[in-house]
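Dear colleague,

I am passing on the structure below, which I hope you will open alongside this message. Once you have it on your screen, please read on for what was found in it.

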Amino acid sequence: MDQIIVRGNGPLQGEIPIAGAKNACLTLMPATLLTDQPLTLTNAPRLSDIRTMTALLQSLGAEAASLQDGQVLAMSSHALTSHRADYDIVRKMRASILVLGPMLARDGRAEVSLPGGCAIGARPVDLHLKALEAMGAELDLRDGYVHAKAPTGGLRGAVVDFPLVSVGATENALMAATLAKGTTVLKNAAREPEIVDLARCLRAMGAQIEGEGTSTITIQGVDALHGATHPVVTDRIELGTYMLAPAICGGEVECLGGRIELLSAFCEKLDEAGIDVTETARGIKVSRRNSIRAVNVTTEPFPGFPTDLQAQFMALMCVAEGTSVLEETIFENRFMHAPELTRMGARIEVHGGHATVTGVDGLRGAPVMATDLRASVSLILAGLAAEGQTTVSRVYHLDRGYEHVVRKLRGVGAHIERVKEE
Ligand code: UD1
């Protein structure tokens with residue numbers, strides 16, 4: 001297994017290109033199951049999660065090819081040869097549940113393994129299932145699988161009022177509704193940029209959708225969708241992660257392709273912390289000249305502060321002046337990076353959903369272990385701020401969501417390398 005070695009760094013300088021969004025791509029890819037015509041995604045990120053989704057779609061009979069060094073995904077599913085998303089693939093990646101709505105809408109049947117829990121929490125899929133049930137699906141949970149059947153004549157439009165905001169459940173219901181008979185109204189829908197991107201792609205495929213980006217989305221079902229070519233939206237989480245590198249190390253870095261509207265709550269917190277953030281014609285420029293101020297953060301659904309940037313922001317707060325409280329409201333077990341950061345000299349106390357971080361003058365490099373995707377990159381950021389060497393193991397978590405992390409950070413002067421574990 002590979003490890004990443006980071007050495008404490010001085011100011012960073014230069015540009016980092018930001019890739020297409022992993023989370024958008026993972027929901028755009030299953031949309032190919034809604035049509036027998038080709039769907040092509042451009043600006044796709046090169047990540048292991050994308051390869052997992054490719055394998056899942058292929059196991060269902062779709063053709064999926066990765067072109068132009070992985071930046072273009074050419075997919076088509078003339079006919080599905082299987083309607084079963086197998087446990088072996090689903091257990092690797094929860095987003096696999098996103099094939100359920102499209103398969104059910106197109107062919108009236110689907111069997112998808114239940115994803116089960118993951119390191120950051122229980123993460124049930126009850127909201128996905130309730131939305132499809134409201135559209136007339138009959139669901140049977142047995143042998144660890146959801147066995148789903150649409151009524152004769154297909155799914156029917158329905159009013160779905162989500163009791164809590166779920167990105168994945170909104171995406172599954174939105175895709176299913178495009179081919180349902182009649183009108184579907186999704187209330188308390190997620191408003192994330194990835195949902196807006198999915199709606200735009202579905203519209204390019206012929207779907208009738210209004211209200212994406214607000215909490216009420218209305219979909220008028222159509223008889224069939226057609227092919228399209230769609231560029232994947234910028235990855236706001238990769239963007240926020242790299243914005244934190246110059247915030248932690250000092251210097252000035254321009255994140256190419258970034259836009260503040262993707263991350264306004266996060267940018268406000270950076271501003272409060274004393275970090276300069278400016279939108280340019282090419283992206284977002286971040287610099288720091290003064291010390292970092294401690295600020296409190298509460299994670300919330302979009303447009304609030306994203307849970308997927310909480311671990312990375314904690315790395316910044318570890319070296320801030322003063323005490324900050326980070327509140328995690330989306331996932332119940334998302335502070336696993338805290339004990340690892342503590343091994344590097346950080347002062348963090350976790351009580352339930354709150355972490356109290358008291359800034360220290362400096363961190364010290366240490367061997368640390370990545371526990372999940374965002375936690376792993378927070379350890380790299382902390383390593384950049386630490387004196388001496390930090391060795392991050394279990395970097396396969398990182399490969400799920402960050403393409404060329406070493407190359408991108410080296411490009412702005414960071415001391416980072418990837419080595420094979422001895
Ligand atoms: C997506 C993102 C993930 C991000 C999360 C929140 C993808 C591939 N992943 O995950 O990176 O951290 O949004 O922004 O896009 N819940 C239920 N029942 C359900 C579904 C969700 O109780 O049926 C709960 C979850 O346990 C969690 C909360 O709702 O506490 C929000 O989860 P959700 O928005 O669904 O996250 P994902 O779509 O899984």
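**The ligand and its surroundings**

A polar atom in the side chain of Asp308 is placed 2.6 Å from an oxygen atom of the ligand. Please keep in mind throughout that this is a predicted model, and that the distances and areas I quote are values computed from it. Asp308 itself sits in the loop between S18 and H10, and with a relative accessibility of 16% it counts as buried, because buried means under 20%. Besides facing the ligand, the side chain of Asp308 makes a polar contact of 2.8 Å with the side chain of Arg334.

Which other atoms of the protein lie opposite polar atoms of the ligand? On the side chain of Asp126, an N or O atom is found 2.6 Å from a nitrogen atom of the ligand, while at Gly168 a polar atom of the backbone lies 2.8 Å from an oxygen atom of the ligand. The ligand taken by itself would expose 740 Å², and 85% of that area is buried by the protein.

If you look at the surroundings as a whole, there are 18 residues around the ligand, and those that come nearest are Asp126, Leu127, Ser166, Asp308 and Ile330. Sorted by class, this shell contains nine nonpolar residues, five polar ones and four charged ones. Helix H5, residues 126-134, and helix H6, residues 167-178, each give at least two residues to the shell, and H5 provides the largest share, which is three residues. It is also worth colouring the model by domain, since at least three residues of the shell come from domain 1 (2-19 + 234-420) and at least three from domain 2 (22-231).

**The cysteines**

How many disulfides does the structure hold? The number is zero. Cys25, for instance, takes part in no disulfide, and the nearest cysteine sulfur, which belongs to Cys201, is 9.9 Å away, whereas a disulfide would need the two sulfur atoms to lie within 2.5 Å. Cys249 is likewise in no disulfide, the nearest cysteine sulfur being that of Cys255, at 13 Å. As for their surroundings, Cys25 has a relative accessibility of 0% and counts as buried, and Cys249, with a relative accessible area of 10%, is buried as well.

**A covered helix**

Helix H12, which runs over residues 373-385, is mostly covered, with twelve of its 13 residues buried. Among these buried residues are Leu373, Arg374, Val377 and Leu384, so you will find a charged residue in the list beside nonpolar ones. At the start of the helix, a side-chain oxygen of Asp372 comes to within 3.1 Å of the backbone nitrogen of Arg374.

**Unusual backbone angles**

Most residues other than glycine have a negative phi, and most peptide bonds are trans. With that in mind, three places deserve a careful look. The peptide bond between Phe302 and Pro303 is cis, with omega at about 10°, and Pro303 belongs to the loop between strand S18 (297-298) and helix H10 (310-318). Asn43, which is not a glycine, has a positive phi near 60°; this residue is in the loop between strand S3 (39-42) and H2, and at 30% relative accessibility it is partly exposed. Asp69 also has a positive phi, of about 55°, although it is not a glycine. The loop that holds Asp69 runs between strand S4 (63-67) and strand S5 (72-76), and Asp69 is exposed, with a relative accessible area of 62%.

**Two further residues**

Is Arg51 buried or exposed? Its relative accessibility is 54%, and because exposed means over 50%, Arg51 counts as exposed. You will find Arg51 in helix H2, residues 48-59, and its C-alpha is 20 Å from that of Val406, a residue 355 positions away in the sequence.

His147, in contrast, is buried at 13% relative accessibility. This histidine is part of strand S9, residues 145-149, and a polar atom of its side chain lies 3.4 Å from the backbone oxygen of Arg142.

With best wishes

Methods
Residues numbered from 1 in each chain as written. Predicted model: local features only at pLDDT ≥ 70, side-chain atom pairs only at ≥ 80, totals over all residues. Heavy atoms only, no water. Near = heavy atom within 4 Å. Polar contact = N/O pair within 3.5 Å; in protein donor to acceptor, adjacent residues only side chain to side chain. Areas by Shrake-Rupley, 256 points an atom, 1.4 Å probe, with all protein chains shown as cover. Helix = DSSP H or I, 4+ residues; strand = E, 2+ residues; numbered from the N terminus. Domains from an automatic or database assignment. Buried < 20%, exposed > 50% of the residue type's maximum accessible area, 1.4 Å probe, protein only.
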